[in-house]
Amino acid sequence: MHDPEVTIYTDGACKGNPGPGGWGVLMIAGENRRELCGGEAATTNNRMELTASIEALRALKRPTRVRLFTDSKYVMQGIETWIHGWKKNGWRTSDKKPVKNMDLWQALDALAAQQHIEWRWVKGHSGDPGNERADALSNEGIPK
């Protein structure tokens with residue numbers, strides 16, 4: 001893949017799981033940086049991780065080469081592996097149960113199809129500056 005036009009770091013946070021949660025996004029394009037965050041009063045950590053990726057992709061104005069970093073194995077495995085089977089099985093898991101967070105997975109799938117994304121996993125809380133900033137933003141997004 002060519003160098004990305006946009007590098008994105010995403011993170012989700014939850015105080016209690018379920019509980020109040022937040023999501024954060026750091027977008028870097030050349031010298032430009034953009035930060036986004038938000039949250040919900042009653043949610044889960046996985047929903048906030050997914051929402052961060054969705055909101056990041058929604059913020060892109062046109063098809064773009066993206067390198068998207070997440071510290072969520074749930075998001076990484078879901079978007080790279082599990083989603084193909086879910087779609088083939090009518091959004092059911094291998095044991096025929098409805099996919100959890102299906103609304104968000106469908107939104108992420110639709111947005112991802114409009115971009116050229118290299119999904120990258122980064123270990124959380126390990127000093128990566130982009131991930132640390134996304135983490136701070138996700139905590140800012142949690143409703144007080």
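Which two strands form a hairpin, and how many residues lie between them? The legends below start from that view of this predicted model.

**View 1. The β2–β3 hairpin.** Strands β2 and β3 form the hairpin, with 2 residues between them. In the turn, G30 has a positive phi of about 60°. Strand β2 covers residues 19-29, and strand β3 covers residues 32-43. The two run antiparallel and are joined by 10 bridges. One pairing to pick out is W23, whose bridge partner in β3 is G38. In a regular strand, side chains alternate between the two faces of the sheet.

**View 2. The largest pocket.** The largest pocket holds about 210 Å³ of space. Its lining is made of 13 residues, and those closest to the centre are V6, M27, A29, A59 and L60. The hairpin strands take part here: β2 and β3 each supply at least two residues of the lining. Sorted by class, the lining has 6 nonpolar residues, 5 charged residues and 2 polar residues.

**View 3. T10 in strand β1.** T10 sits in strand β1, which spans residues 6-14. Is T10 buried or exposed? The relative accessibility of T10 is 1%, so T10 counts as buried, since the cut-off for buried is under 20%. Leaving out residues up to four places away in sequence, T10 touches G24 and V25. Its other contacts are A52, S53, A56, L68, F69, T70, D71, N131 and A134.

**View 4. The cis peptide bond before P18.** P18 is placed in the loop between β1 and β2. The peptide bond from N17 to P18 is cis. Its omega is near 10°. For context, most peptide bonds are trans.

**View 5. W91, a positive phi in a buried residue.** W91 lies in the loop between α2 and α3. Helix α2 covers 73-88, and helix α3 covers 102-112. Phi of W91 is near 60°, a positive value in a residue other than glycine. Most residues other than glycine have a negative phi. How does W91 count, as buried or exposed? W91 has 13% relative accessibility and therefore counts as buried.

**View 6. H125, a positive phi in an exposed residue.** H125 is found in the loop between β5 and α4. Strand β5 covers 116-121, and helix α4 covers 129-140. Phi of H125 is near 55°, again positive in a residue other than glycine. H125 has a relative accessible area of 61% and is therefore exposed, because exposed means over 50%.

**View 7. The whole protein, for orientation.** The protein has 4 helices and 5 strands. Along the sequence they follow the pattern β-β-β-α-β-α-α-β-α. The radius of gyration is 15 Å, close to the 15 Å that the globule rule gives for 144 residues, so the protein is as compact as a globular protein of that length. Taken along the principal axes, the C-alpha atoms fill a box of roughly 45 × 40 × 25 Å. Of the 144 residues, 49% count as buried. What share of the contacts between residues at least 6 apart in sequence joins residues at least 24 apart? That share is 65%.

Conventions:
Residues numbered from 1 in each chain as written. Predicted model: local features only at pLDDT ≥ 70, side-chain atom pairs only at ≥ 80, totals over all residues. Heavy atoms only, no water. Pairing = 2+ DSSP bridges. 1 Å grid on protein atoms, 1.4 Å probe; cavity = no way out; pocket = protein on both sides within 12 Å on 5 of 7 lines; lining within 4 Å. Points joined across faces, edges and corners; volume = space filled by probe spheres on them. Nonpolar A, V, L, I, M, F, W, Y, C, P; charged D, E, K, R; others polar. Rg over C-alpha atoms; globule rule 2.2 N^0.38 Å. Buried < 20%, exposed > 50% of the residue type's maximum accessible area, 1.4 Å probe, protein only. Contact = heavy atoms within 4.5 Å.
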